Amino acid sequence: MQIYKTIPPSLTKEEVCAIDTELYGLPRHQLHRPNQGHFASMQVCFDGKSVYVTQNETDVPKFMKAISKATHLFHNASFDIRHLRRWCSYPDKKDMFDTLILERILWGGYFDSFGLKDLARRYLDILVSKAEREEFATQETMTPEMLTYAATDALLTWQIFQKQKTFMRPEDLHIWNNLDKPALYAILDFKGMPMDKEKWIKLAQDNKQKAEEIQASLSFNLNSPKQVLEALHKMGIKKIESTEAKTLAQFSQYPLVSNILLYRTLNKRASTYGLDFAERYIEANNKVYSDYDVTMASTGRMSSSDPNSQNLPSEKSYRECFIAESGHEIVVLDYSAQEPRITAYESGDSTLLEALQNKKVDVHTAVTRDIYDDQTIKKSDPRRHFGKAMNLGLTYGLTATGLRRKLYEEDGIEMPYEQAEELVSKYFRKFSKVKYWIDQIRKFGERNGYVQTHSGRRTWLNRYNYHWLNNACNSPIQGGAADVTKLALARFRSDCQKANLEFPVIAVVHDEFVLHVPKELLETYTKIAETAMVEEAEKLYTGVPFEVEIKHGRSWACKVEEEETLTQL
DNA sequence: GGAGACGGCGCC
DNA sequence: AAAGGGCGCCGTCTCC
């Protein structure tokens, strides 16, 4: 490897250039924050041999200008682009590849490590150390070893891409170009979530105090499953081996057990969603900036971290902490029954399709009517819980036992095993093409070792997992839903650009978009977002109607717009 | 004393 | 034998 400390020569459109950036002093949980850390170095490699490096941030625009025509490569583009934009403009570039995301597109479910060093091992048979990387967090100058490390990263990215692209099918390229890359650019434009910090802290303190009171009354550590189990055994509950909530629920008549369950809830609130959260993530402007990963999950779903904004408590009091700034509103748009619609497309089941087309009742009620062959069943009918559980669970490989548990946990319904079994078979008799599709896709997975979504996003199946074939039917559905969400996200952003409007997304939770919009633009944004969501979904899954539920208000706990419309009528 | 596994649990 | 899937984060515990 030859290192040059000069501006690289001007590259042509045909050349391919790997880019890597290092920063000093990035806090561990804020690697994605452009208001943290500062420039250490930028290095580029366009021939697989030589690396051009600068440690001067004023060189960044000069580097960028020289390589602007070439195809760009990054390993984790979201990190580099986000930070590079501090020192130069980096508009959406079409000729750009991310070896990290490409690797997930190619090998999701097959491998479970996707770091640069993992790829170097797999593609190049090179063992590299990442020890130097840690030093950037605490150092302010670069040792020769750190410089070599940084240069090597760019070199490896270039070399890996040469090998990686030989594995790419047209479908993989399609997923990158039309789904994941546009979604990546959209994610980089997400705005911070404005928060009511005081309210959050009040909740945290209340929960912490209540949790501590329970802990103080007991002589063992409630946070230790080991000690909890021991205490329960001593008390006479001998036959349990696990202390997770669903097991303990069976013994809730014991005051100790119900106290443990209460503690767990309070402590979850006080720890994961507590004072540390506020301290670490709520910034001086009272906003929270999550990091998003476009293709973390093996199914193609996005993930969120630092903090994870996809698993915040759905409880009203917590959602009320995410508030609109003055003159603004929060808008929440979510796909109704997104996954059952994809199941309907994949299976071509006309009964399910008709249930989804029924505008008069919701899909869970419609499916319940079909299961029981009774078209008079209303939304309030207790049997709707069964239809709902089937709708949501069957593509995960739901069994009679799983159905019973689901109903008990979520709706407090106790159902005899035989009845659950009968319900499952009734469902499959009625929706016979769904059953047929499940059987076929399982066979496909067994034969090929992978399955894919309608867009062609592939997930490899792990044969060493005893229920590995459940993923055969789950991945095309869950992954298909992720495909829809990404298409809609990119379309929404592009339509905002066309209308010369700022991109107002502050969070995406799988099938839900959360926007923060000026009040006077509420209708404009809502219309653009809804259209993008519905049209992109219906374009991909032709023939299936998609619906989006829209809410808006002062906070993420906003009331349902439908209710307003109903009262108006 | 730091890393990683594990149990547990928040969300879709 | 087997209790659908996908994530990220917390605290404990073990190991080095």
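Let me start with one contact: an N or O atom in the side chain of aspartate 511 lies 2.8 Å from a sugar or linking oxygen of DNA strand B. What you are looking at is a predicted model, and every distance I quote is computed from it.

I will stay with DNA strand B for a moment. There are 19 residues around this strand, and Asp511 is among those that come nearest, together with Thr243, Ala245, Asn311 and Leu312. Two arginines also make contacts here. Arginine 264 places a polar side-chain atom 2.9 Å from a phosphate oxygen of DNA strand B. Arginine 301 has a side-chain N or O atom 2.9 Å from a base oxygen of DNA strand B. Which part of the strand B atoms within 4 Å of the protein is sugar or phosphate? The share is 82%, and the rest belong to bases. By class, the surface near DNA strand B has seven charged residues, six polar and six nonpolar. Helix H11 gives the largest share of that surface, with three residues.

Now to the other strand. DNA strand C has 34 residues around it, of which Ser224, Gly393, Tyr396, Lys406 and His467 come nearest. By class, 22 of the residues on this surface are polar, seven are charged and five are nonpolar. Of the strand C atoms within 4 Å of the protein, 73% are in sugar or phosphate, and bases supply the rest.

Three phosphate contacts are worth pointing out on strand C. Lysine 226 uses its side chain, with a polar atom 3.2 Å from a phosphate oxygen of DNA strand C. Serine 298 uses a polar backbone atom, 3.0 Å from a phosphate oxygen of that strand. Aspartate 306 also uses a polar backbone atom, at 2.9 Å from a phosphate oxygen of DNA strand C. The elements giving two or more residues to this surface are helices H9 (225–235), H11 (255–271), H18 (400–411) and H21 (468–498), along with strand S10 (303–305).

Next, a look at H9 itself. Which residues of H9 are buried? They are Val228, Leu229, Ala231 and Leu232. Viewed down the axis of H9, the buried residues fall within an arc of 160°, so they line one face of the helix. As background, an α-helix has 3.6 residues a turn, so residues three or four places apart point the same way. The cover over the buried residues of H9 includes helix H10 (245–248) and H11. On the face of H9 turned away from the buried side sit the exposed residues Lys226 and Lys234. Lys226 is the lysine with the phosphate contact to DNA strand C. Just after H9, glycine 236 takes a positive phi of about 115°.

For the overall layout, the domain assignment of chain A gives four entries: domain 1 (2–168), domain 2 (196–281), domain 3 (290–342 + 455–569) and domain 4 (350–430). The centres of domain 1 and domain 2, taken over C-alpha atoms, are 44 Å apart.

My last stop is glutamine 164, in helix H6 (residues 144–164). Is glutamine 164 buried or exposed? Its relative accessible area is 0%, so glutamine 164 is buried. The side chain of glutamine 164 makes a polar contact with the side chain of glutamate 103 at 2.9 Å. That glutamine side chain also reaches the backbone oxygen of threonine 99, at 3.0 Å. Leaving aside residues up to four places away in sequence, glutamine 164 touches Thr99, Leu102, Glu103, Leu106, Leu119 and Tyr123.

Conventions
Residues are numbered from 1 along each chain as its sequence is written. Chains are lettered from A and ligands numbered from 1 in the order in which they are written. This is a predicted model: local features need pLDDT of at least 70, side-chain atom pairs count only at pLDDT 80 or more; totals for chains, interfaces and linings use all residues. Side-chain values use heavy atoms; hydrogens and water are left out. A residue is near a molecule or strand if one of its heavy atoms lies within 4 Å of it. A polar contact is a pair of N or O atoms within 3.5 Å; within protein, one must be able to donate a hydrogen and the other to accept it, and residues adjacent in sequence count only if both atoms are side-chain atoms. Helices (H or I, at least four residues) and strands (E, at least two) are DSSP runs, numbered from the N terminus. Ala, Val, Leu, Ile, Met, Phe, Trp, Tyr, Cys and Pro count as nonpolar, Asp, Glu, Lys and Arg as charged, and the others, Gly among them, as polar. Domain bounds come from an automatic or database domain assignment. Buried means under 20% relative accessible area, exposed over 50%, partly exposed in between (1.4 Å probe, protein chains only). The arc is that of the directions from the helix axis to the C-beta atoms. Contact means heavy atoms within 4.5 Å.
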